[in-house]
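Subject: Structure for your review

Dear colleague,

Please find the structure we discussed below, with its sequence. My notes on it follow, and I would be grateful if you read them with the structure open.

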Amino acid sequence: MNYLLCTLFEIKWLPDIWAVILVSVIGFGVVISLLILTVLFLVLAERKLLGFFTQRKGPNRVGLWGVLQTTADAIKLLCKENIELLSSDKFIFTIAPIMAFASVILLWCLIPYNSEFHLINSSVGVLLYFAIASLPMIFHFLAGYSSNNKYSLIGSYRSLGLTCSYSIVLMLSVMSVIFLSGTMDLDKIVLFQSKTWMIFSNILGFLIFFIATLAKLNRCPFDLSEAESEIVCGYHTEYSGMRFAMFFLGEYAELFVMSMLVAILFFGGYLPPFGMYLANAFMGNCEFCSYFIYFEQTIWLFIKTLIIVFVIIWIRATLPRLTQVSTLNMFWKYIIPISIFNLIMIIMMRALW
Amino acid sequence: MDKMVLNLGPQHPSTHGVLRLILELDGEIITSVEPEVGYLHRSLEKMAESKSYIQYLPMVDRVDYLSGFFYSYAFCNAYETLNHIQVPEYANYIRVMFMELNRLASHLLWLGTYLLDLGAISPMFYTFREREDVVTYFEKVTGQRLMYNYFVFGGVRHCDIYLDEALRIVDNIYNKIDEYEDIITENPIFLSRTKDIGIISKQKALDWGLTGPNLRASGILQDYRSIMPIYDDLEFDIILSSEGDCYSRYIVRIYEMRESVYIIKQCIEYLQNINLSNVPLNNFYHKQKQHEGEIYSFVEAPRGLTMCYLKSVGEDTPYRVKWRTGSYYSTQILKDILKGVYLSDVMSIYGSLDVVLPEVDR
Amino acid sequence: MVKKIYLSIKAILKGHFTVLKHLFRNSVTLEYPEVHPFLNHYFRGRHVLEGCRGCGLCKRVCPSDAIMIEKNDNNYLNKYVIDYSKCIFCGNCMFYCPTHSMKMSNDYELAKTNKSQLLTDIYYKGV
């Protein structure tokens, strides 16, 4: 991005401010198209994988091996009627799915996809990420609250209760990462791991962060705010059509972006696992090769992310759901003390090191 | 404090049919429960009074579509006892074999849907895979997957049963039960959702009229198979658990499946040693005069004691048929045991009782 | 406490690997419109009538009143109509037929667009 911006500044083709806007729009467009493609792929991948885990075939009717299934579903949802209850709070009911989806898009802009393409490059990137990442939960709550349905209400206060428990754990384990690397910049955290990945020095922190991530994503075994066997669909019971699709796609986009964050914080982000780029290994150190490296970095990030996504889907296929009470017990009585212990250990390690 | 009235059902993903639970919630804690049944009433008892015995026989499978053979047996047994029809020994063995296979299918379905209620996805598909084998076997022998119409007055419809296939199916199921247990039994999340949840004490279970696996999970040794004459020559254990919580109900059913496999193998062994090829078809229209009298026959169905009251006044149609089904009593007890539990435990308790709504409403 | 945590983690991992094992097993899906299930000759599908004398016993044993028999002036069978909207495929008409003229085929695709099309005259009028 900076490279493109500098080029535009140099050739003086546009006024500087317009160059910045143009570059931002291009970057944003790239991110959004990436998001939509990934989400369409991810929904299909989850359905296929759950099928394979249960000796089924998964969707295989639309397109070759069912690749167009999610696209067809999305088109179907677009064409459906948006049903609104007369007694619902219309304004909040309408904006909640839009805002929830929009905040997830913002998260995608914060991720360093490779060493160049980093849309919002902030020195407090981690902090910014978690500030924005807590937004969808608020809109989930508002959606449940405004739809005037008892099941939605229960779902939304369950999700609030869950938020109170996981976000502390999430921040405590991220703090251990920040203390280890000494920076809040996502780019620098990635570069810090060029020798060893963070997971090897902070395994406990990784496990805690992963569990909290599952809770944050409303995934199994923490999917209590939309537990379909208890409270029909949780906060989006009353939603239909494209508004439902916003929640649905937003959930998957969040799943992917959180997995990317896990990859960045603990698995070296876009860095290759062997300490050497394949492009360099095959083509030597030419100038042309550096462009390939950007692609390779993104591909490494995506491979790492997909492995984490696979594990999350695998967990979904196996584990039953926890209850609200046992989740709160687990987080407050066990995981928060463990994560504080972990943080203290990390600080001591850092001080003595 | 204000209380919220939550109407769980009749259309709810996990009430397995159309049960309506009127819950009064204080936060997530339930303060009062009112189960309401009757949404699936098909008047199967009243229907009997206008249909001849043979016409009513196919209807009997529909009392509970998950374990049709037990209801066929109860009705056939009542009729046979009333009219002094002798059932040949091979037919009794075939009946036991099919009933136990049906118990397997029913328990497998229960296991899958129960775990789906608790949020686990995969076990449901695994149990349905095995249940599919059983049901396909039933289809091959009787002609339909759920509504068999296979037991008739005086025996079974035909004796062309594929014993090798049955043996293969039960062997497969016996191995697969271990696999389910690997996934479920020791899982800490499953334990946290079932251990010490929904405890039914001995006295409470007897007071509310529970029968079958639910009663045995509370530690009361009561299995009507042990006093049924057709089970006389077969060896099996009665599974007992003492805690009375959801977990012990799960364990009782899991081990009962293993016992069923054991019983089926004994039946297959007996049937393989006798020649069934010359047995005539049992398709004849009973034109005989019906005996007068009344009878109450019983059978140990997967969901508890099932009894069929049959009164005849010598006409072609029964004077009165009354069904006593296990699920009805399991639904009643909800009023007692759901008080004071969390909303998320409602499903783990209700699911563990193995209620099938068509059986409740008839 | 430590032992309990160890056992829980072991159980969770055991469950996970049991599920993972299924990833490498063949799927059991029956792709219905392309692949048809195997049906034995005991299967109860659409009725086939041959050589019926019209005694009407099937009408008497039918639990759902789905059979309508029409005879002509010479007391011969004229029409034998089964109402598939009522039929429950119990097979009583086949089992209790004294002349074994009622059979049930393996044809199970009975969906129609109109309810009146479900009233099917299955009497085979020979040459």
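Helix α6 of chain A is largely enclosed by the rest of the structure, because 10 of its 12 residues are buried. Please bear in mind throughout that this is a predicted model. The buried residues of α6(A) are A:Pro136, A:Met137, A:Phe139, A:His140, A:Phe141, A:Leu142, A:Ala143, A:Gly144, A:Tyr145 and A:Ser146. They pack against α4 (90–109), α7 (150–181) and α11 (241–266) of chain A. The length of α6(A), residues 135–146, agrees with expectation: at 1.5 Å a residue it should span 16 Å, and its end C-alpha atoms are 17 Å apart. After the helix comes A:Asn148, which has a positive phi, near 55°.

Chain B offers a counterpart in helix α3 (residues 68–83). Of the 16 residues of α3(B), 13 are buried, so the helix is mostly covered. Its expected span, at 1.5 Å a residue, is 22 Å, and the end C-alpha atoms lie 23 Å apart, which agrees. B:His84 follows α3(B) and has a positive phi, near 55°.

Also in chain A, I would draw your attention to A:Trp197, which is placed in the loop between α8 (186–192) and α9 (198–201). Is A:Trp197 buried or exposed? A:Trp197 has 20 other C-beta atoms within 10 Å, and a residue counts as buried at 20 or more, so A:Trp197 is buried. Leaving aside residues up to four places away in sequence, A:Trp197 touches A:Phe266, A:Phe267 and A:Gly268. The C-alpha atoms of A:Trp197 and A:Ala263 are 9.8 Å apart, although 66 residues separate the two along the chain.

Turning to the nonpolar interior, the largest nonpolar core has 211 residues. Those with the most contacts inside this core are A:Ala253, A:Phe256, A:Val257 and B:Phe75. Its largest share, 17 residues, is supplied by helix α4 (residues 89–117) of chain B. Not counting residues up to four places away in sequence, A:Val257 touches A:Val104, A:Leu107, A:Trp108 and A:Ile111.

The contacts between chains come next. Between chains A and B, 27 residues of chain A are in contact with 28 residues of chain B. On the side of chain B that touches chain A, at least two residues each come from β1 (4–8), α4, α5 (122–142), α7 (188–194) and α13 (343–352) of chain B. By class, that side has 16 nonpolar, seven polar and five charged residues.

The contact between chains B and C takes 25 residues from chain B and 22 residues from chain C. On the side of chain C, the elements that give two or more residues are α1, α2 (57–61) and α3 (92–95) of chain C. The largest share of that side, seven residues, comes from α1(C). The side of chain C divides into 14 nonpolar, six polar and two charged residues.

Finally, helix α6 (residues 163–184) of chain B packs with helix α1 (residues 2–21) of chain C at an angle of about 130°, and their axes are 7 Å apart. The two helices are therefore oblique to each other. Their contact is made by B:Glu179, B:Asp182 and B:Ile183 of α6(B) and by C:Lys14, C:Gly15, C:Thr18 and C:Val19 of α1(C). By class, this contact has two nonpolar, two polar and three charged residues.

With kind regards

Note on methods:
Residues are numbered from 1 along each chain as its sequence is written. Chains are lettered from A and ligands numbered from 1 in the order in which they are written. This is a predicted model: local features need pLDDT of at least 70, side-chain atom pairs count only at pLDDT 80 or more; totals for chains, interfaces and linings use all residues. Helices (H or I, at least four residues) and strands (E, at least two) are DSSP runs, numbered from the N terminus. The expected span of a helix is 1.5 Å times one less than its number of residues. Axes are lines fitted to C-alpha atoms, for helices over the stretch in contact, and angles run from 0 to 180 degrees between N-to-C directions. Angles under 35 degrees count as roughly parallel, over 145 as roughly antiparallel, 65 to 115 as roughly perpendicular and the rest as oblique. Two residues are in contact if their C-beta atoms, placed from the backbone, lie within 7 Å. Ala, Val, Leu, Ile, Met, Phe, Trp, Tyr, Cys and Pro count as nonpolar, Asp, Glu, Lys and Arg as charged, and the others, Gly among them, as polar. A nonpolar core is a set of buried Ala, Val, Leu, Ile, Met, Phe, Trp, Tyr and Cys residues joined through C-beta atoms within 7 Å.
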